[in-house]
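Open the coordinates in your viewer and keep the selection panel handy. We will take the two DNA strands in turn and look at what surrounds each.

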Protein chains: 2
Amino acid sequence: MSSPSAKPRRADAQRNYDAVLAAAKAVFAQAGTDAPMEDVARAAGVGKGTLYRRFPTREHLFAAILQDRVDELDASAQRALDAPDVWRALSEWLELYDRCATEYPGMSARVGESLSDDTSAVGTLCGPMKNSFARLFERARQEVQLRPDLTPTQLLSMVSALPKDAGTGRTPDPYLRVVLDGLRA
Amino acid sequence: MSSPSAKPRRADAQRNYDAVLAAAKAVFAQAGTDAPMEDVARAAGVGKGTLYRRFPTREHLFAAILQDRVDELDASAQRALDAPDVWRALSEWLELYDRCATEYPGMSARVGESLSDDTSAVGTLCGPMKNSFARLFERARQEVQLRPDLTPTQLLSMVSALPKDAGTGRTPDPYLRVVLDGLRA
DNA sequence: ACCTGAACACCGTTCAAGT
DNA sequence: ACCTGAACACCGTTCAAGT
């Protein structure tokens, strides 16, 4: 979809970028989003300086990790605009959104916090997706009564902040169901 | 209500305990729950060692800070058991709960995470309150239809995790309204 | 019994030296 | 242009020395 902000050029730099990204996914999936950056560098087989050169902050790393997922969600929201049952499409999209970072402990909560900050790396990454979702949300308003006191972005923040009970991969998530039911005016 | 776990005996120790607690409230209110422990010690006018002697972990400090509020909530839940309109009482109690730590940025999210861990300081502190709330919750079930797939503690975790939009002290919180509406089966 | 602050450990971040 | 790891900084945590 959209190209990552500024990919490095040299071959070894690209290799390191990829290695760090892959290592970060593995480390954060296993040890959560608070895992030491040092562990990521080691797992990638690069020096700490290289890690920081490619990803100036932890959050830049998160944004890179989420890139593909967010692009998919963006595309999915656009497709949903033409769905016959918009409420159903909205619900299903939110189920996808709810799961999109569950393999990284602590990630969803972080996303929820930075989502409405457009200056943050994750906030910037999510800009297009937020716009697509907002359109879907507004269209859903025309079909079903949605409560008027919640913006689309607030809804996303709320879903991101939902507890993620370990183990119980129950589908659909009871927490999300509360939100979906409560969303209707 | 219940007495704090193990208060120190000597006068100076007691003074330090109180000073640290007061300082922690001020510092965490101003700089959030991630503020350096060092800042708390300095604000209290004690050495770092004294802080750690009284509060072995950051979370013990949180538990001490929340003590009074949680006791009040506990008492309030017990009173609510006799309310004429239990659903209304439940709603109002959850509004209190929702606000109970808002002056400390990041605190609610932390409470939500440790709430179901009975071995944690905050989880232990909240034990009695959780029990009182569970009774209120079960009584509400008899009056109104509540969704069956959510335990009382899950509900509390969910409310604690709700985004706290800075500035807008809107009452009642739109996020909580979503939860309350979505709670009815 | 309790207090203090120096000492240690850990980790995020920077940067001089090297390729 | 990029990589590396030593160096620095910050802060949580411990503990020897002192009252």
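**Stop one: DNA strand C**

Select the atoms of DNA strand C within 4 Å of the protein: 65% of them belong to sugar or phosphate, and the rest to bases. You are looking at a predicted model, in which local features need pLDDT of at least 70 and side-chain atom pairs count only at pLDDT 80 or more, while totals for chains, interfaces and linings use all residues. Residues are numbered from 1 along each chain as its sequence is written, chains are lettered from A and ligands numbered from 1 in the order in which they are written, and side-chain values use heavy atoms, with hydrogens and water left out.

Now show the 19 residues around strand C (near means a heavy atom within 4 Å). Coming nearest are K48(A), Y52(A), R10(B), N16(B) and T50(B).

Zoom in on the polar contacts (pairs of N or O atoms within 3.5 Å). A backbone N or O atom of M37(A) sits 2.8 Å from a phosphate oxygen of strand C. At G49(B), a backbone N or O atom is 3.4 Å from a base oxygen of that strand.

Next, colour α3(B), which gives this surface its largest share, five residues.

**Stop two: DNA strand D**

Move to strand D, where R10(A), N16(A), T50(A), K48(B) and Y52(B) come nearest among 19 surrounding residues. Pick G49(A): one of its polar backbone atoms is 3.3 Å from a base oxygen of strand D. Then try two side chains that reach phosphate oxygens of strand D: R54(A), with a polar atom at 3.0 Å, and R58(B), with one at 3.1 Å.

Finish on α3(A), which gives the most to the surface near strand D, with five residues.

Technical notes: Polar contact = N/O pair within 3.5 Å; in protein donor to acceptor, adjacent residues only side chain to side chain. Helix = DSSP H or I, 4+ residues; strand = E, 2+ residues; numbered from the N terminus.
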